[in-house]
Amino acid sequence: MSPSESSSPQPDPTAVPPAAGDAATPAALTARAPHVPAERLVAEMVPPPRFQGARFDTYIPDAKQPSQAEAVQVLSDFADSIEGGRTAEKRRWFARKPAAPKGPRGVYLDGGYGVGKTHLLASLWHATPAPAERKAFGTFVELTNLVGALGFQQTVRTLGEHRLLCIDEFELDDPGDTVLVSTLLGKLVDAGVALAATSNTLPGKLGEGRFAAADFLREIQGLSAQFRPLRIDGEDYRHRGLPDAPAPYDDETVTRTAYRTPGASLDDFPSLLEHLSTVHPSRYGAMCDGIEAVCLTDVQAVPDQSTALRLVVLADRLYDREVPVLTSGKAFDELFSEEMLRGGYRKKYFRAISRLTALARDAGALVADGSR
């Protein structure tokens, strides 16, 4: 058993007898409670595996949305303007001291679900030719977890050595954390760090999931002048021309597929939700290390908001890693109650549904392979 796993029982191999030639007994996420040192939290602040290949020239703008092509050009220019980037390197040949950067030190990508904001944010990270250890990319939650692990002053010192910090899904619905991160960003701007961010939408706003620039600039208070809003129009690419979410499978299909699939995990959904309450969300990524497919039986509606928010984080980590998710029970659009979908965290829940649906489509290939 690896150090990242506890002594919790593994899935019962007698539940559905594996067919001849099946893979080894699947792993269980409920048997994993990894310890993640603070150093790993810093080292892992890079674009997630799903976006390791993201580049400006791999972003395909929608011809009907000119703001998308404009965003590519603006962000490319922004990468060149960052100290340590191509433009700054050229200046050093002609001046003893690089000229102070002109204009805002940050850019804010403003758009709805699935228009490619994270792809563009990751492309900016890759296009800024500072060494990887001098660029950081993470979600708002990962940034607050880093502060919790290192302490505020050490986080300032650590990230203050960076040239670029990209923050995905800046959470406007948590006033305390917003003030904390805004204060941190102010310190980093003073240290010369360039910033880029996307954000969610504040509760109670019309046009759910659409545009949040005014909210973002107001909530970060004194930092607003440091950000140039960049609006990106478009529809959710995850659903462009794609079929509806696939229906869940039966328990036997999910279990047999887990045994046939190398690197798969197999868990009972209610047990997984209970286990998530015992693992800090900053460790969910490590909990998924080495997992090639997630198989879940008896998917049910989540019982409360705390559980729902933990599931959102897990969905993000699985989506980042492009891990297909195969399920039985309820469909993903039945995970959250109507009350939750009308509440202050509704954008997070809609994002989780969208991402899990995409991963469920990917999982269909696993079933098809097993039926041949």
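In this predicted model, Gly106 of strand 1 has Leu195 of strand 4 as its bridge partner. The two strands run parallel and are joined by three bridges. On strand 5, Arg231 stands opposite Asp110. Here six bridges link strand 1 to strand 5, again in parallel.

Strand 1 is largely enclosed by the rest of the structure, because six of its six residues are buried. Burial here means under 20% relative accessible area. Both faces of the strand are covered. Gly106, Tyr108 and Asp110 are buried on one side. Val107, Leu109 and Gly111 are buried on the other. Asp110, which stands opposite Arg231, is thus among the buried residues of strand 1.

These pairings belong to an open sheet of five strands. The strand order is 2-3-4-1-5, and the pairing is parallel. Strand 2 (135–139) and strand 5 (227–232) form the edges, each pairing on one side only. Neighbouring strands are turned by 15° against each other on average, direction ignored. Elsewhere in the sheet, strand 3 (residues 164–170) and strand 4 (residues 194–199) are joined by five bridges and run parallel. Within this pair, Leu164 has Ala194 as its bridge partner in strand 4. Helix 4 (residues 117–127) packs on the sheet. The helix touches strand 1 (106–111), strand 2, strand 3, strand 4 and strand 5. The direction of helix 4 makes about 170° with that of strand 3.

The search for open space gave a further feature. Rolling a probe the size of a water molecule over the atoms shows where empty space is left. The largest pocket holds about 500 Å³ of space. Its lining comprises 31 residues. Glu44, Glu142, Arg317, Asp320 and Arg321 lie nearest the pocket centre. Several elements give two or more residues to this lining. Two strands of the sheet, strand 2 and strand 3, are among them. The helices that do so are helix 1 (38–43), helix 5 (140–150), helix 11 (284–287), helix 12 (305–320) and helix 14 (346–370). By class, the lining has 13 nonpolar, six polar and 12 charged residues.

Definitions and conventions
Residues numbered from 1 in each chain as written. Predicted model: local features only at pLDDT ≥ 70, side-chain atom pairs only at ≥ 80, totals over all residues. Heavy atoms only, no water. Pairing = 2+ DSSP bridges. Helix = DSSP H or I, 4+ residues; strand = E, 2+ residues; numbered from the N terminus. Axes fitted to C-alpha atoms, helices over the stretch in contact; angles between N-to-C directions. Contact = heavy atoms within 4.5 Å. Buried < 20%, exposed > 50% of the residue type's maximum accessible area, 1.4 Å probe, protein only. 1 Å grid on protein atoms, 1.4 Å probe; cavity = no way out; pocket = protein on both sides within 12 Å on 5 of 7 lines; lining within 4 Å. Points joined across faces, edges and corners; volume = space filled by probe spheres on them. Nonpolar A, V, L, I, M, F, W, Y, C, P; charged D, E, K, R; others polar.
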